[in-house]
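Hi,

Here is the structure I said I would pass on. Have a look at it first, and my notes follow underneath.

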Amino acid sequence: MRRKRKDDELDTETTFADMNVEGMRWYNPHRKDKDKQEKISKKEQRKMMLGAFAAFAPVIGIIIVVGLLMFLLAYIWLKP
């Protein structure tokens with residue numbers, strides 16, 4: 001039998017969904033006041049938008065190039 005390490009313990013700190021549901025016995029109506037989101041600055045917002053654009057730019061570029069290639073092939077093939 002192996003020994004338990006600290007890493008093997010169940011992570012009870014991380015939450016993926018808000019379990020503060022009305023009707024449950026652990027419901028706390030004042031908990032939402034504590035979980036306010038931090039405001040982001042305009043500079044941070046611009047950097048996030050630029051990062052999102054940089055992530056989608058290759059996909060958008062490939063779609064445009066393939067569309068133009070298909071149009072060109074259809075034009076050449078269907079030319080009278």
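**Tyr-75 and its helix**

Tyr-75 sits in helix α2, which runs over residues 42–77. Keep in mind that this is a predicted model.

Is Tyr-75 buried or exposed? Its relative accessible area is 51%, and the cut-off for exposed is over 50%, so Tyr-75 counts as exposed. Tyr-75 also belongs to a nonpolar surface patch, together with Leu-69, Phe-71, Leu-72, Leu-73 and Ile-76. The patch has about 660 Å² of accessible area in total.

Now for α2 itself. With 36 residues at 1.5 Å each, α2 should span 52 Å, and its end C-alpha atoms lie 50 Å apart, which agrees. There is a bend, though: α2 turns by about 40° at Phe-56, with a proline, Pro-58, following within four residues. α2 is also hardly covered, as zero of its 36 residues are buried.

Zooming out, the protein chain has two helices and zero strands. Of its 80 residues, 1% count as buried. The chain exposes about 9000 Å², and 63% of that comes from carbon and sulfur atoms.

Over to you!

Cheers

Methods: Residues numbered from 1 in each chain as written. Predicted model: local features only at pLDDT ≥ 70, side-chain atom pairs only at ≥ 80, totals over all residues. Heavy atoms only, no water. Buried < 20%, exposed > 50% of the residue type's maximum accessible area, 1.4 Å probe, protein only. Areas by Shrake-Rupley, 256 points an atom, 1.4 Å probe, with all protein chains shown as cover. Patch = residues over 30% accessible without salt bridge, like charges linked within 9 Å, V, L, I, M, F, W, Y side chains within 5 Å. Salt bridge = Lys/Arg side-chain N within 4 Å of Asp/Glu carboxyl O. Expected span 1.5 Å × (residues − 1). Bend = angle between axes of the 7 residues up to and from the residue.
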